[in-house]
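Student: Could we take a close look at one part of this structure together? I'd like to see how the aromatic side chains meet.

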Amino acid sequence: MRLINLLVHNPTSISFHTGSTMELAVLCSLLSLLLLGRYTFVWLVYHWAHLHRKGKQVPPTFPNVLPLLGSALPFAFDCVSFIKKATQYAGSLVPVRLSILSGEIFLFQGPETVAAVWKQPQLGSPIFIYTFALKHVFGMPKHALAPYEADSSGSHRKPHPSSDVAPHNRVDFLTHVDLFKAFGGSGLTALFIRCADLLRRNLAALPISTDEWVEMPDFYAFFQDQLGAAVLEGLYGPTLPVLSPGFLRDLWTFDRATPKFAKLIPRFLIPEAYQARERLLESIRRWYKHAREHFDESLIGPDGDADPYWGSQLVRSRQKVLLEIDSQDDDTIAAADLGLIWASVTNVVPSSMMCALHIFRSPSLSDRLRDSLSDAVDTSTWHIEMDKVLRKPLLSSVYAETLRLHLQAYVTRCSPHCDVGLGSWWLPKNRVCMVNTYASHMDASFWNTRDGEFPVEEFWAERFLIDPKDERSGPVRGMCRYEPFFSVQGLEGAWIPYGGGYAACPGRHFAKRIIFYTTSLMLTCFDIQILNERLVMDNSSFGLGTQKPKQQVRFRIRRRKEGLVA
Ligand code: HEM
């Protein structure tokens, strides 16, 4: 009785004033019982919701032990196994609601449900996550976030009927128009050709001969330096890296820390990451100033896109669009451009590297790919016919399998105006909806493993090839077959490395070209031996992009006899 009085009238005094170990023990038992009772209730509701489904319903809450924290700790720090556990029910992928601190996240998984997310017009805008990333990851000053937070007009040309955002503040729509122009149609060709030429230039200049193997300590660093530099200069021009030679190094330091920024880790715990971000923002502002002083329309090159100061039409247009939005200045738009630079460099480089790593780890795969490329590469000029390369079935399968295996991203949406139906589920208005690529790509009930011979966690170069002579081939169990082909047909909502729907990654066609080109060029120009026997992968950037090896991967490289020379 005394314990209950204390709990009700003066709970904080218990441990200090009773001095009774006995009472403390009773209190702990009582609390444990309460927690257990609460957990049992949530657990029952969760299973009841799955076992007695009646029509459309909001996904049930994944059982968690601690009332205030909810699933916050495993979601942030044990993501790989937690996501696997939380998104499975009775062997199938299911949507689930996660309690995270005082809020909620809805994870929508399963091929049909994910396809419904892509198709739902109310979920066409990524502005919610974009604003979060600008604020917490890319360091946009608080005063500039208001127009981003207020933009409920959507990504489409026609604003949402219930939104009254002024036309010049439609940041979601305006930035997407520029991205679609740059990375689709003729813009794509010009950007790709520039990056490809720069990569060829970089590789040709390497001090690697045909007679001797050169040993190098880190395969990923090789790609960061060669391909990263080519993409950066190809998209943003030579001025930025010339004015700030350490830009790329800072970008990789910042990239390693992005999961920590997203988890709101404070400055005193990761001072180097914050300093790298400040240097990046400063470099971008310096670049703006220099470009404004020197740019002239007459400097735009024959492709109608490139110029030596801003680099491309995309950047020139963003200068106008972003500065016209309320409360923006160089400090704030530098954060938005850091976001774009990060998105355009830091996924395509590790994805190309992982693709090449799988290829060069297997000499027989390298040989087969070289054979298949022989009609697409001109050995005298080293011109690569991209139209042919992009249609090569084996390379296409290696590309698709690499992204299936290594993409670990959350795709985030929100419906600001109304509740939305997603297949047989509801997503309530104004709640965070996420799709995790890893959960979809590791769904063993969906992907063909050839009766367990090639588990979903392992690389199988031929997973996406359908061989009419082999009924156990192809990505989906029991897929119907007519003739040999590579296809992602039937994989909507299942193979989702670039997200999907209207807000799918705008750089996906560019990224695909770069990955195909880089691997073809490397196969053509170099012999490479990977020296690490085992690959242990690093999941520390889970949720934000491409998985990389945990340790440095040592390798030996030699120019092929007929290969490219400077
Ligand atoms: C293998 C390489 C890449 C992967 C796996 C990838 C993946 C993704 C994913 C999953 C998203 C979220 C999509 C969604 O919400 O549905 C995204 C967004 C984005 N990506 Fe990529 N990406 C890659 C390369 C690129 C490249 C090369 C560029 C630019 C040239 C780029 C630019 C962007 C931008 C700007 C966004 C945000 C779009 C928005 O605000 O709606 N990405 N990417």
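Student: Which residues do ring pairs link into a cluster?

Tutor: Keep in mind that this is a predicted model. The cluster is made of Tyr 399, Phe 446, Trp 447, Phe 464, Phe 486, Trp 495 and Phe 516, joined by ring pairs. Across the structure there are 31 aromatic pairs. One of them joins Phe 75 and Tyr 410: the ring centres are 5.6 Å apart and the planes make an angle of 35°, so the pair counts as tilted, since that label covers angles that are neither under 30 degrees nor over 60. Phe 75 belongs to helix H4 (residues 72-77) and Tyr 410 to strand E8 (residues 407-414), so this contact ties together parts that lie 335 residues apart in sequence. Both Phe 75 and Tyr 410 are buried.

Rings can have charged neighbours here too. The charged end of Arg 513 sits over the ring of Phe 192, 5.5 Å from its centre. Likewise, Lys 56 has its charged end over the ring of Trp 426, and there the distance to the ring centre is 5.6 Å.

Now go back to the cluster, which includes Phe 486 and Phe 516. Strand E13 (485-486) and helix H22 (508-525) have a loop between them, and that's where you'll find Cys 505. The SG atom of Cys 505 is the single donor that the protein gives to the iron atom of the ligand, 2.3 Å away.

How values were computed: Residues are numbered from 1 along each chain as its sequence is written. This is a predicted model: local features need pLDDT of at least 70, side-chain atom pairs count only at pLDDT 80 or more; totals for chains, interfaces and linings use all residues. Side-chain values use heavy atoms; hydrogens and water are left out. Donors are N, O and S atoms within 2.8 Å of the metal (3.2 Å for Na, K and Ca); water is not among the atoms, so sites may look incomplete. Helices (H or I, at least four residues) and strands (E, at least two) are DSSP runs, numbered from the N terminus. Rings of Phe, Tyr and Trp (its six-membered ring) pair if their centres lie within 6.5 Å; planes under 30 degrees apart count as stacked, over 60 as edge-to-face and the rest as tilted. Buried means under 20% relative accessible area, exposed over 50%, partly exposed in between (1.4 Å probe, protein chains only). A charge sits over a ring if NZ of Lys or CZ of Arg is within 6 Å of the ring centre and within 35 degrees of the ring normal.
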